[in-house]
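Good morning, colleagues. Please look at the sequence and the structure on the screen, and I shall then take you through some features of the fold.

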Amino acid sequence: MSVVPDTTTKVTFTDNNTKFNQSGVQYIINPYDELSLTRALEITEAQGGSVTAIHVGLADSEASIRKALAIGAQEAVRINAEPKDAYFVAEQIAAYAQGQGFDLILTGRESIDYNGGLVGGILAEMLGIPYINVVTKIDVNNGVVEAIRDIDGGRETVKAALPCAASAQKDLTEPRIPNMRGIMAARTKPLQVVEPSANNAGSTYAQYELPPAKGAVKLIDPNNAGELMSILHNEAKVI
Amino acid sequence: MPYFPNPEEQLHRSAKQDLFQGTDFYAIDDLLTEEHILIRNTVRDWVKRDVSPIIEDACQRNIFPRHIIKGMADVGAFGPQLPAEYGCGGLDYISYGLIMQEIERGDSGMRSTASVQGSLVMYPIYKFGSEEQRNKYLPKLASGEYMGCFGLTEPDHGSNPAGMVTNFKDMGDHYLLNGAKMWISNAPFADVAVVWAKDENGIVRGLIVERGMEGFSTPETHNKWSLRASATGELVFDNVKVPKENLLPNVQGLKGPLTCLNSARYGISWGVIGAAMDCYESAVRYSKEREQFGRPIGGFQLQQKKLAEMLTEITKAQLLCWRLGVLMNEGKATPAQISLAKRNNVDMALNIAREARQIHGGMGITGEYSMMRHMANLESVITYEGTHDIHLLILGMEITGENAFA
C-alpha cells in the first residue's frame with residue numbers, strides 16, 4: 001500500500017530540483033491500493049480469512065495506515081524505511097511476506113505519484129508466484145484465482161493457482177468509506193513496525209522537471225494545410 | 001405509513017463533480033489529531049458520495065432524503081460525543097464539531113437532522129435519563145433505527161420558553177400531556193420526541209413521548225423557503241397518556257432544555273463553517289474561470305476584496321471553534337462563550353453565502369451552485385437555537401450583569 005500526495009497537490013521541487021517539496025502536502029492512500037484493499041475485504045468477508053495492509057514508509061504515513069485499518073484491514077505492517085524505488089519496495093515486502101503464508105497479494109496497478117507500476121511484478125517474481133497485472137475483476141474459488149483484464153479491443157480472463165499476486169485497475173470495485181465503528185476499532189488493531197532488511201536500491205532520482213506550461217492555442221484555416229505542416233515541422237518539430 | 005416512500009428512486013442524482021477541498025489558511029489541521037482528520041475526511045468523503053449528488057433535487061422539491069439516515073449513522077453523526085457503551089462514538093467535542101462542519105458543508109438541513117438527533121434527543125436522554133432510558137433509546141438512536149425530535153418552542157413562546165403552556169398532570173399510574181410545540185425539526189418522521197412541559201407546580205420537566213401514543217400527532221410544516229431537505233413539523237398533544245417511566249428523572253426547570261441547546265449550538269458553530277467554506281471555495285473557482293473585460297473576474301479588486309474578507313472570516317471562525325472545542329473537552333465552556341461562537345459564525349456564514357452569490361452573478365441564482373441554498377438555509381440557522389439577537393443579549397448580560405431580556 002503506497003501513500004501518495006492528494007490529487008489536488010501543486011507539485012514543486014526543492015534542493016535544485018532533486019527533491020519533491022513535501023511542505024503543505026496532504027497524503028492519501030494510493031487510490032488503486034484502496035481498490036485492492038476493498039476487494040481483499042470483499043473476498044475475505046465472503047470466504048473467510050483476514051487482510052493485512054503492508055506499507056513501506058516512515059512514521060508520517062501512519063495516518064493513512066490507520067485509515068486502512070478503519071476501512072477494515074485486520075492488521076497492518078509498516079516496514080520502516082523510505083521507499084526509494086520500486087525494486088527497493090518490492091524487496092522489502094518480499095522479505096516480510098516470505099514465509100507468512102499469504103494466499104493472495106493485491107497491489108495497485110501503479111501509484112499515482114511516480115506511476116511506475118512495477119512493485120507488483122517485481123514482488124511476485126521475488127516470491128516466485130504468478131502475477132496478474134491490471135485486473136478489473138478478481139475472484140477466488142477453491143484455491144483458484146480467476147481474473148479479468150481489459151486488453152486492446154477486448155477482455156482477457158486469466159486463471160492462476162494460489163498463492164498469487166495481482167494488481168488492481170480502476171473499476172475493480174467501489175472504494176469504501178470507513179464508518180465510525182471502523183474508526184473506533186482501528187484504534188486497537190495491531191500496527192506492527194518492522195525494520196527494513198538489507199537492500200540494494202537500484203536507482204536514484206537525479207533530477208525532477210515539471211511539464212512545459214501549456215502554450216496558447218493557434219487556429220489554422222482548414223484550407224491551409226501547408227501552413228499546418230510547416231508549423232509542425234519547423235516550430236513544434238514533431239514531424 | 002412511511003414519511004416519504006422510495007425517496008432514493010425519486011431523487012435525481014447530479015453528475016456534477018463536488019470539488020470541495022476544505023479551507024485551512026492557518027494550518028489549523030496541525031492542531032487536530034490524526035483521528036480528528038480521519039473522522040473529518042471520512043464524513044467529507046461520505047457527503048461527496050451520498051449527499052452532494054442528491055441534495056439540490058431534494059431541496060428544490062422539498063423532500064427529506066430519508067434513505068441517507070443509515071449513512072449518517074454509519075459515519076457517526078448521531079451522538080458521536082456520547083459514550084461507546086450506548087452504541088455512540090465516544091469521541092471528543094472537536095470530532096463532533098468536525099462531523100457537523102462536514103455535514104453542513106453538504107447542507108444545513110442534513111446537519112439539522114443530525115444535531116437534533118445527537119444534541120437534543122440523545123444528549124438529554126444520556127444526561128438526564130435513567131439507566132433504563134439510556135439503554136432503551138440510545139443504541140437505537142445512534143444507529144438511526146429510531147429518529148428523534150425535540151419539543152421546546154411553542155406557537156406563542158419562542159425566545160421566551162419559560163412562558164410555555166404545554167403541561168402534564170399526574171394521573172396516578174401515568175401522566176396526561178396536553179399542549180403543542182412548533183418548528184420542530186424531524187417531527188414528521190420522528191419515532192420519539194423529547195418534550196419539555198410544565199408539571200402541576202409549573203416546573204419544566206422532560207418527557208419521552210413515542211409515536212403511536214394515543215392523542216399524539218405530528219403535522220408537517222409546509223412551504224418553507226429554507227431547510228427544504230429537512231422535515232419540520234408540529235407536535236400536538238391531545239390528552240396523551242405518557243407512562244411514568246418516560247419522565248426524565250434527573251433534571252428540573254429550564255436548565256434541562258437549555259443544557260441541550262448549548263450542546264447543539266456548539267455543533268452549529270462548527271457546522272456553519274462548512275457552509276461558509278463551500279460558498280467561499282465555489283466563489284474562488286468561479287472567479288478564476290469567469291472572464292469579463294478580457295480577464296478572469298478574480299483579477300478585479302472588488303472581487304478580491306470579497307474573497308480576502310471571506311477567507312479572513314472563515315479563518316477567525318475556525319480558530320474560535322477550535323478553542324471552544326478544547327474548552328468543551330475540558331468541561332469549561334460557558335453558555336455565553338457558546339453564544340458568542342454561534343452568533344458570530346452563523347452571521348459570518350450568511351454574509352459569505354450572500355457575497356459568494358454576488359461573485360457568481362446570475363449563475364449564483366440557480367441550483368447549479370450551492371450558495372442560494374446555503375443562504376436560504378442559514379436564515380433558519382440564524383433564527384433557531386437562540387436567535388441572533390437573543391445571543392447578543394446573553395452576551396450583554398454576561399458583560400454587564402444586567403438582564404435585558406424582559
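When I say that a helix lies at some angle to a strand, the axes are lines fitted to C-alpha atoms, and the angle between N-to-C directions runs from 0 to 180 degrees. Please bear in mind that this is a predicted model.

On that basis, helix H3 of chain A, residues 86-97, lies across strands S5, S6 and S12 of chain A and runs at about 140° to S5(A). Helix H2 of chain A, residues 62-71, also lies across S5, S6 and S12, running at about 160° to S6(A).

Let me turn to the sheet itself. In chain A, three strands form an open sheet in the order S5-S6-S12, and their pairing is parallel. Strands S5 (52-56) and S12 (191-194) of chain A are the edge strands, each pairing on one side only. From one strand to the next, the twist averages 20°. S5(A) is joined by five bridges to strand S6 of chain A, residues 75-79. Opposite A:Ile54 stands A:Val77 in S6(A).

I now come to the backbone details. Between A:Leu162 and A:Pro163 the peptide bond is cis, with omega near -5°. A:Pro163 belongs to the loop between strands S10 (154-161) and S11 (164-168) of chain A.

Which value does phi take at A:Asn115? Phi is near 55° there, a positive value in a residue other than glycine. A:Asn115 sits in the loop between strand S7 (104-108) and helix H4 (119-127) of chain A, and counts as partly exposed because its relative accessibility is 41%.

For A:Lys237, phi is likewise near 55°. This lysine, A:Lys237, is in the segment after helix H6 (225-235) of chain A; at 64% relative accessibility, A:Lys237 counts as exposed.

Key:
Residues are numbered from 1 along each chain as its sequence is written. Chains are lettered from A and ligands numbered from 1 in the order in which they are written. This is a predicted model: local features need pLDDT of at least 70, side-chain atom pairs count only at pLDDT 80 or more; totals for chains, interfaces and linings use all residues. Side-chain values use heavy atoms; hydrogens and water are left out. Two strands pair if DSSP finds at least two bridges between them. Helices (H or I, at least four residues) and strands (E, at least two) are DSSP runs, numbered from the N terminus. Contact means heavy atoms within 4.5 Å. Buried means under 20% relative accessible area, exposed over 50%, partly exposed in between (1.4 Å probe, protein chains only).
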